[in-house]
Number of protein chains: 2
Amino acid sequence: MVELQASAVSTIVDLARQLRVDSIRATTEAGSGHPTSAMSAADLMAVLMVKYLKYDFEKPQHANNDRLIFSKGHAAPLLYAMYRAAGCIKEEEMLSLRRFGSRLEGHPVPQVIPWVDVATGSLGQGLAMGVGMAIAAKYLDKLSYKTWILLGDSEMAEGSVWEAMASASHYCLDNLIAILDMNRLGQRGETALGWNSAIYAQRARAFGFHVIEINGHDLDQIDFAFHEAVGVLGQPTLIIAKTEKGHGLALTANQDGWHGKPLNKEQASEAIEFLGGVSNLTINVVRPAEPQKPVISSEMTGSGKFAMPAYTGGVATREAYGDALRALGTAFNDVVVLDAEVSNSTYAEKFSKAFLDRFFEMYIAEQLMVGVGLGLSTRGKKVFCSTFAAFFARAYDFIRMAAVSRGTIKLCGSHAGCSIGPDGPSQMALEDIAMMRAVHGSTVLYPADAMSCARLVEKMYELEGVSYLRTTREKTRLLYKDDETFEIGGSKVLRSEKDDLLTLIGAGITLHECLKAHDQLKEQGINVRVIDLYSVKPVDVETLHTAARETGTLVVVEDHFPEGGLGDAVLDAFAVKGPPARGAKMVAVESLPKVVKMAVRNMPGSGEPHELMDHACISATNIVTTVKSLVG
Amino acid sequence: MVELQASAVSTIVDLARQLRVDSIRATTEAGSGHPTSAMSAADLMAVLMVKYLKYDFEKPQHANNDRLIFSKGHAAPLLYAMYRAAGCIKEEEMLSLRRFGSRLEGHPVPQVIPWVDVATGSLGQGLAMGVGMAIAAKYLDKLSYKTWILLGDSEMAEGSVWEAMASASHYCLDNLIAILDMNRLGQRGETALGWNSAIYAQRARAFGFHVIEINGHDLDQIDFAFHEAVGVLGQPTLIIAKTEKGHGLALTANQDGWHGKPLNKEQASEAIEFLGGVSNLTINVVRPAEPQKPVISSEMTGSGKFAMPAYTGGVATREAYGDALRALGTAFNDVVVLDAEVSNSTYAEKFSKAFLDRFFEMYIAEQLMVGVGLGLSTRGKKVFCSTFAAFFARAYDFIRMAAVSRGTIKLCGSHAGCSIGPDGPSQMALEDIAMMRAVHGSTVLYPADAMSCARLVEKMYELEGVSYLRTTREKTRLLYKDDETFEIGGSKVLRSEKDDLLTLIGAGITLHECLKAHDQLKEQGINVRVIDLYSVKPVDVETLHTAARETGTLVVVEDHFPEGGLGDAVLDAFAVKGPPARGAKMVAVESLPKVVKMAVRNMPGSGEPHELMDHACISATNIVTTVKSLVG
């Protein structure tokens, strides 16, 4: 048992009071927010801040700072109150909570706030991200920092939490400490398990955690638990803290109906007085040790050279992805790869076999993969994640939140479209481009051959934000030489004559159908332009406008459902963004084309790729029919 | 201990052999597929079929048929071999596996095959759907059927499985029996837990299951386990069966490198001979008891009348959703509602308070909610599921698979767009329309006032497929009287003059901004048309074409990111679908109209709704500026 010294106890008690008071003040001032969800965890965070957290608030980029993730992001007022107590924000800013233009949004957001690593607010995500940070510390950077994660009890219903629990124990993350603020009350009443600490404990132990059950308002017990947790070896720890939502005030403590509700001014005023009034306690949070080793360990060195194998004949873009990953891994020592137990299909195994120490198996848990990837990315790694493109749908909320995090993560989805053949529609990504295009600030790439795929993977290494590469299961023939360059936002005009009657636009597997159709049409005296639209977002507006002006009609062919894919990306190139920049006139599009969309309009079944593409009306035969009908 | 009679033993042994032989035959004939994943579970399914399954294969719609879900959908060859053994498909059809046009796709698909309830193939989904079916039997229809779910061990890494485990025990589903085919090998090697039955058992017990651990190739143990499982009261059962992938053949048994790989012809021929050759055993599967009670219990009666409250003043569409649910619940007794622990925000609580017996709390587990909803839907319920629109991203793979299932499910996402205000971007759905439009056969609705919302919810009751209603957090003023009708695929022209200079198109909250802009512009002598595009998919092509023809320019305003939303839906109305119907000419393609897209282009923060809409450039002020720039 670690006994708290009298002076420390007094500081902690004062801090806990101040954190509660400040959580109330900020939310009452804002007129919205979650004071009671903050109050339940105030004692836990007070002990953490005074005795255990190692963090240099003046240097949020310090490599060895502990990480602190509020997975229950709605407890943001508590986090912001901690920042004030750490001396890094002023009272005035704290009271700007949730106001337009304030850094202190309703839920914490990184970059906007320098001490936050990942955006939270969609529940059940923080633990996965913490696993990524803890993996970085333990296996890659060999740093001593701890990753602390504050969990809410409602979010324990999210399966993603259990994916992360399993992974944390699989990777023996004894540098990860999760704190469950078991305050019993969810948004609309009691949680499924209420205060049943024993069941949470049983579940967490079964998932490989060291578990400590405490009263989350007893400072001694909290101190004891943290002390024990930091000493645990070989497994992660979950501290289950029985707490009261709204603890500290009779008005709110363990009362239903207080979720996401600020106290009114009168209530707040009484509460603050009862809690001892406004105070200005500042805590000197312990600074972390300087790293003993270089952050990038010396065993991992990069050559800086990106060398691809020489391809001949047909090569699947998914295989080129694997080759490119290996080439990147050789060139740069900060490339880290994750895969959801299908690395022999996505070809991520080409990397894992070469760089086992920088590959982490996520098993079949796509949410986990994206969360861990984002966590690793916050620690400076260039993270590529792969699975079947269809199964990224599983991680869509994590991908959406990665954009809210202003995070960088590189995703590769293989087995896109009906052209995968006999496996059937459950394995066919036919919505993935729509999903990925809609992610804020995303880049969406869809190469048609191995060389362009390799070059785009090379580009992805440098890209910021969420980037997505769609690869094809089937082998496709080489279209480009290895000195060809591929810009993000570019395209390639592969066939063009002065008398082109229209333009065929494809990407990935449909580009090859466009090229076949081009040849068949040419034999019949019909010239058409062909564009490889490998960069679906951003899209090459200029080349599309030129094609519209010169050929009048654009026929877009895609192995994707008709909504949100290639066709919509092309159409969007002809829409004007409103409103105009201040004082400017709207720029008009000079030549509006006719657009024909060829896409997968019925649910495919099983069959050979060519049968399914024919049936979906996206094969060369269908393109020829369409073109002849248009020009005939 | 239940001892198997000699005759039953002999039948089971013969059946298990036949199931293995047929799984090999079909996959070798197909040249792809998963024989070894089928072989590991053949003994389990043989005992089930001969002694426990109650199913009338001639009447797949029989209300009291047991349900059998292959959550490990890639074991489809085993399922199809069972169909042959049940006498409902012929050998020839069985050997058409994975061929174009065959009902027997690579993974099982309902409606295509009458004995399948839900499509599987995206792992980790079957248990949630089974929970829905078991809830229907236990709580709604009071039927005696059991729900059997065959789980793979790889899929136990998916968090969705644990969401479903927690829910199955929460609802005391003693009519649900899950069988874990623990064959140790995943796609690319060993699973995280291998044959560690004890850990699976510990986890499942912690999640409230009765657990039975057996050797999955010992017929006595299997029989004992099923016998025990059907008698368990008050909790669901998990049978953990230790098996070998590819069991029965030295070539494949417990061998790595055999995932998703058929035997070649020579290997198959030897294997079939070794296993005793081709056989034609037919099993008379026990038929279920006729239901003792009516399927719809008499306590639940519907009036058939849909009565909404009389609204005055501003009402949030989310509140109208709640009122409409309650009205539907009064009118029809097959309406069932699920919510992910936010029913006081989505207003689903208006239903739950009125019809507690038809409301099921899914806690914060959106994948579970959609899976359970689909399961209930297969049992004839009209299921509405609600949460914050942003959090449906969590369930996107389940929604995608619901479409593969040809399933019907009604989703309502509240708190759409930046107009929710101070909570910040984690809670703002800005990708949901893109995501939902891309779902095959989906309907996407976005009402602007309480009356249209109510009418659309009423329409949703009858809709087949995946339908999605987007509701708004903020109150909006009433635009329609209660006798107005709203067709799916329709729109409303709210303002129109002969000299309209352009058309403003909005839906939901932006429609109100369009109307405000209209009034401001009219004062300045500028007439514009205003369209309420409440049906985003299908979209009202005719009205849009008329507006384009008559006013030339369409300005689309949406509280959504620019990709895949309202703007793209409008543009798509002007793209022609290729190729033409057989023998027909393409409909004359017109050039695109001028389209201006006003959408959320930067990541919002916190603030008041009007501040955020202004900043996102989707408010009336921005619309006026845009229009004046266009017409000035």
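# Exercises on a two-chain predicted model

Strand β7 (residues 335-339) of chain B pairs with β9(B) in the parallel sense, over five bridges. Strands pair if DSSP finds at least two bridges between them. Strands (E, at least two residues) and helices (H or I, at least four) are DSSP runs, numbered from the N terminus.

This is a predicted model: local features need pLDDT of at least 70, side-chain atom pairs count only at pLDDT 80 or more, and totals for chains, interfaces and linings use all residues. Residues are numbered from 1 along each chain as its sequence is written, chains are lettered from A in the order in which they are written, and side-chain values use heavy atoms, without hydrogens and water.

**Exercise 1. Place strand β9 of chain B among its partners.**

Step 1. Start on the β7 side: B:Val336 has B:Val383 of β9(B) as its bridge partner.
Step 2. Turn to strand β10 (residues 409-414) of chain B: β9(B) pairs with this strand too, in the parallel sense over five bridges. Here B:Cys385 stands opposite B:Leu411.
Step 3. Check the cover. β9 spans residues 382-388, and six of its seven residues are buried (under 20% relative accessible area with a 1.4 Å probe, protein chains only; exposed is over 50%, partly exposed in between).

**Exercise 2. Describe the surroundings of B:Ala119.**

Step 1. Find the residue: B:Ala119 lies in the loop between α5 (91-94) and α6 (126-140) of chain B.
Step 2. Read its relative accessible area: 1%, so B:Ala119 is buried.
Step 3. List contacts (heavy atoms within 4.5 Å). Beyond neighbours within four places in sequence, they include B:Pro108, B:Met129 and B:Val404.
Step 4. Compare sequence and space. B:Ala119 and B:Ala402 are 283 residues apart in sequence, yet 7.4 Å apart in space, C-alpha to C-alpha.

**Exercise 3. Characterise the interface of chains A and B.**

Step 1. Count residues: 114 of chain A are in contact with 117 of chain B.
Step 2. State the buried area: about 9500 Å², 55% of it on carbon and sulfur atoms. This is the accessible area (1.4 Å probe) that two parts lose on being put together, summed over both.
Step 3. Count salt bridges: there are 16 between the chains. Each is a side-chain nitrogen of Lys or Arg within 4 Å of a carboxyl oxygen of Asp or Glu. One joins B:Arg394 to A:Glu158, with the closest N and O atoms 3.7 Å apart.
Step 4. Look for strand pairing across the chains. Strand β20 (residues 594-598) of chain A pairs with strand β19 (residues 576-577) of chain B in the parallel sense, over two bridges. A:Val596 has B:Val576 as its bridge partner.
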